[in-house]
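Subject: Structure handover, with notes on what was found

Dear colleague,

Please find below the structure that I promised to pass on, followed by my notes on what was found in it.

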6 protein chains.
Amino acid sequence: MPIARVTRRVHFCAGHRLYNPDWDPERNRSTYGACSNPNGHGHNYDLEVTVEGEIDPKIGYVMDLRALKNLLGEAVLSDIDHANLNVDVPWLQGVVPTTENLAVAIWDRLEGRILNARLVSVRLWETERNSVEYRGD
Amino acid sequence: MPIARVTRRVHFCAGHRLYNPDWDPERNRSTYGACSNPNGHGHNYDLEVTVEGEIDPKIGYVMDLRALKNLLGEAVLSDIDHANLNVDVPWLQGVVPTTENLAVAIWDRLEGRILNARLVSVRLWETERNSVEYRGD
Amino acid sequence: MPIARVTRRVHFCAGHRLYNPDWDPERNRSTYGACSNPNGHGHNYDLEVTVEGEIDPKIGYVMDLRALKNLLGEAVLSDIDHANLNVDVPWLQGVVPTTENLAVAIWDRLEGRILNARLVSVRLWETERNSVEYRGD
Amino acid sequence: MPIARVTRRVHFCAGHRLYNPDWDPERNRSTYGACSNPNGHGHNYDLEVTVEGEIDPKIGYVMDLRALKNLLGEAVLSDIDHANLNVDVPWLQGVVPTTENLAVAIWDRLEGRILNARLVSVRLWETERNSVEYRGD
Amino acid sequence: MPIARVTRRVHFCAGHRLYNPDWDPERNRSTYGACSNPNGHGHNYDLEVTVEGEIDPKIGYVMDLRALKNLLGEAVLSDIDHANLNVDVPWLQGVVPTTENLAVAIWDRLEGRILNARLVSVRLWETERNSVEYRGD
Amino acid sequence: MPIARVTRRVHFCAGHRLYNPDWDPERNRSTYGACSNPNGHGHNYDLEVTVEGEIDPKIGYVMDLRALKNLLGEAVLSDIDHANLNVDVPWLQGVVPTTENLAVAIWDRLEGRILNARLVSVRLWETERNSVEYRGD
């Protein structure tokens, strides 16, 4: 059977501050610039999750996108939408919420929960101009 | 010579209904949800076709995009734009018109018709949130 | 209090065919072109609904956008999303489903159901290139 | 001379929380939902500012958009980009940072600072789906 | 009959240079900045044309958008697409090709050529961030 | 450490003309069509540059995107934004400014200037419909 890649894009908004607690404020400022402002800021994030697999010959799907949508809602969005990424999310404790670290953490939330298809990419847009892709490497 | 990938994006609108005639309506409903509504619905599709090849040293093109545009118009869009994908398209007979199956069928329409460049990807967006990529695998 | 305009944008997909049953197929074809293809096609519609009113001094809202979102879901989207606009929608019976007629019909669905704010615009995009705005005139 | 409207669109990201300090947490929750989450969240805002005036017959501009861009940078973005709207911005003290209130506050920052053209609209998008327009009424 | 506004959006690309021949290079440079670079530059323009009129009760159109598309192609795009706006376009002779002046010139091309509907707006986007609207005032 | 890909998207506008000086005008016209119009035209280009590397465990970045943004500004945009690509850019001398050739030339400008991360892709959009990706092959 042909193998295809299916992508679902979802949106969430969240607050964050880039700050490494092992460093003093000056080093945080020089490393992260305005992203380390003490009271935080936030973004509308776009999240694109891609899975790969054979197209089911009877159904014509690699995977039911409603199932992927539901999984993203339950395993990811319910925790991070309208949340503060430094404080509110159990699976981000101890993680500086850069786009890179968020992409890896979201991958870890999803891997193992997707049945019958293989997770191949998590791409996260922080703004229209900046994005990070993690492929599990 | 350097090898590059050139992508042409085109748009079309079409009607469809997800329905496997081997199944009864209930199984279709549980498999496809609202996408199996009896009277059909439709979408504005975005189609991105990517070809790869050496850049011609005199012309500076991998492939003339006007030729690719014309090929897409003749081999694909003339049949499916403003059409009903379940009924009107000879090369979709017997195919449940999921995005996956459409991407594979469009690949099959194009492969062999592209000269001097190699077809590497057909990506089809059914909505801004859902897309499928087929790479011939 | 200052008066502001608040817009909520929602999406739906639907099938339709432009066809006036009082005319023969040829006149339909010459009037509507490919939009009158017998088996129909469809679109991803973008719907922008704008209401105007005073900003509540304590809340800071003209209107709770969750309430507007819910109203759009119940009064409009639940009937037309994934539907065939020629057949499935009670409040579109006898209406040729042009973008103009849809915008007016959606206005009529909403007017009177919005409390504490004034409906001022229904804008409907059939494609990225074509849209209609109806302001109740 | 012909009169035209010129629009400049800029982007900023900021954190906020919808919370009226005169109310208890429960009333805030019932009014603002997830937008009142205690630790805040944030958005990528799009801001569109429109001015109107005669087209200068020699220059061909209503207003130099570089001047408008600079004004927006100095009077608005330098204070709110990468900031927390509840805490960091002097001209938002005591304001619940709803999109409506932000649009009015931005209008008030700009009016009087635009020379030779008339401010006619401040439109602020909180997400791709929600926006507010304030016209000074 | 209800009155609606119908908008058609088209694209073109063109080269231009902002330069007033009555001025010396220095004054042009201080007025137009990099837009007066001697060898010119260019843009992908988005043009939105809006007409207003009664919805025809039998057809359901204010105006056939194919007719508007054809008019835009013949009266505007055929002259300015892939052209140099300072040199190639008869109806732009003597006009500094600012977005304002282009919007007015396009209005003048269209007015009188639209039958059965009233031209109400020409909006021209030079970039995603800058646009001008002309309403005939 | 996990390996991620970070993309920065920037915009520029430029003028160009597709023309091979070794050929007569007729051959240029038949090869490049309207893109060889004698007085040139132009585009708003979107440039996406992707680098790959390990995520720094303390900082959480593959690479500081401000550094990438600055590099793109200094090594690429300062030369080509608001420029004529046939005339004004030293590192494009003798190059027919097709999107393919531009992507390769931009790659060559960047490679070797990016420290601590590996350049993996330069993608250049000439219009919303046409793009070229060069991966150094």
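Chain D and chain A bury about 1500 Å² between them, with 46% of that on carbon and sulfur atoms; buried area here is the accessible area, taken with a 1.4 Å probe, that two parts lose on being put together, summed over both. On the side of chain D, the residues that lose the most area to chain A are Asn39(D), Asn44(D) and His82(D), which together make up 40% of what that side buries.

Before going further, please bear in mind that this is a predicted model, in which local features need pLDDT of at least 70 and side-chain atom pairs count only at pLDDT 80 or more, while totals for chains, interfaces and linings use all residues. Residues are numbered from 1 along each chain as its sequence is written, chains are lettered from A and ligands numbered from 1 in the order in which they are written, and side-chain values use heavy atoms, with hydrogens and water left out.

To continue with the pair of chains D and A, 21 residues of chain D are in contact with 21 residues of chain A, where contact means heavy atoms within 4.5 Å. The rule finds zero salt bridges across this interface, a salt bridge being a side-chain nitrogen of Lys or Arg within 4 Å of a carboxyl oxygen of Asp or Glu. There are, however, 15 residue pairs in polar contact between chain D and chain A, both residues being at pLDDT 80 or more; a polar contact is a pair of N or O atoms within 3.5 Å, and within protein one must be able to donate a hydrogen and the other to accept it, with residues adjacent in sequence counted only if both atoms are side-chain atoms. Strand 1 (3–16), strand 2 (41–54) and strand 3 (83–84) of chain D each supply at least two residues of the side that touches chain A; helices (H or I, at least four residues) and strands (E, at least two) are DSSP runs, numbered from the N terminus. By class, that side of chain D has six nonpolar, 12 polar and three charged residues, where Ala, Val, Leu, Ile, Met, Phe, Trp, Tyr, Cys and Pro count as nonpolar, Asp, Glu, Lys and Arg as charged, and the others, Gly among them, as polar.

How are the two copies related? Chain D can be laid on chain A with an RMSD of 0.0 Å by a turn of 180° and a shift of 0.0 Å along the axis, and the two copies are thus related as by a two-fold rotation axis; the superposition is by least squares on the C-alpha atoms of residues with pLDDT of at least 70 in both. Of the interface residues of chain D, 100% are also interface residues in chain A, so the copies meet through the same surface.

The contact of chain C with chain B takes 21 residues from each of the two chains, and about 1500 Å² is buried between them, 46% of it on carbon and sulfur atoms. Asn39(C), Asn44(C) and His82(C) supply 39% of the area that chain C buries against chain B, more than any other three residues. The count of salt bridges between chain C and chain B is zero, whereas 15 residue pairs, both at pLDDT 80 or more, are in polar contact.

As for the single chain, chain A has three helices and five strands, which run β-α-β-α-β-α-β-β from the N terminus on. Of the 137 residues in chain A, 61% are buried, where buried means under 20% relative accessible area, exposed over 50% and partly exposed in between, with a 1.4 Å probe and protein chains only.

Three buried residues may be worth viewing on screen.

- Asn28(F) lies in helix 1 (residues 25–32) of chain F and is buried at a relative accessible area of 1%, and its side chain reaches the backbone nitrogen of Asn20(F) at 2.6 Å.
- Leu85(D) sits in the loop between strand 3 and helix 3 (99–110) of chain D and counts as buried at 1% relative accessibility; Leu85(D) and Pro97(D) are 12 residues apart in sequence and 6.5 Å apart in space, C-alpha to C-alpha.
- Glu133(B), in strand 5 (residues 130–134) of chain B, is buried with a relative accessible area of 16%, and its side chain makes a polar contact with the side chain of Ser121(B) at 2.7 Å. Leaving aside neighbours within four places in sequence, Glu133(B) is in contact with residues including Ala4(A) and Arg5(A).

With best wishes
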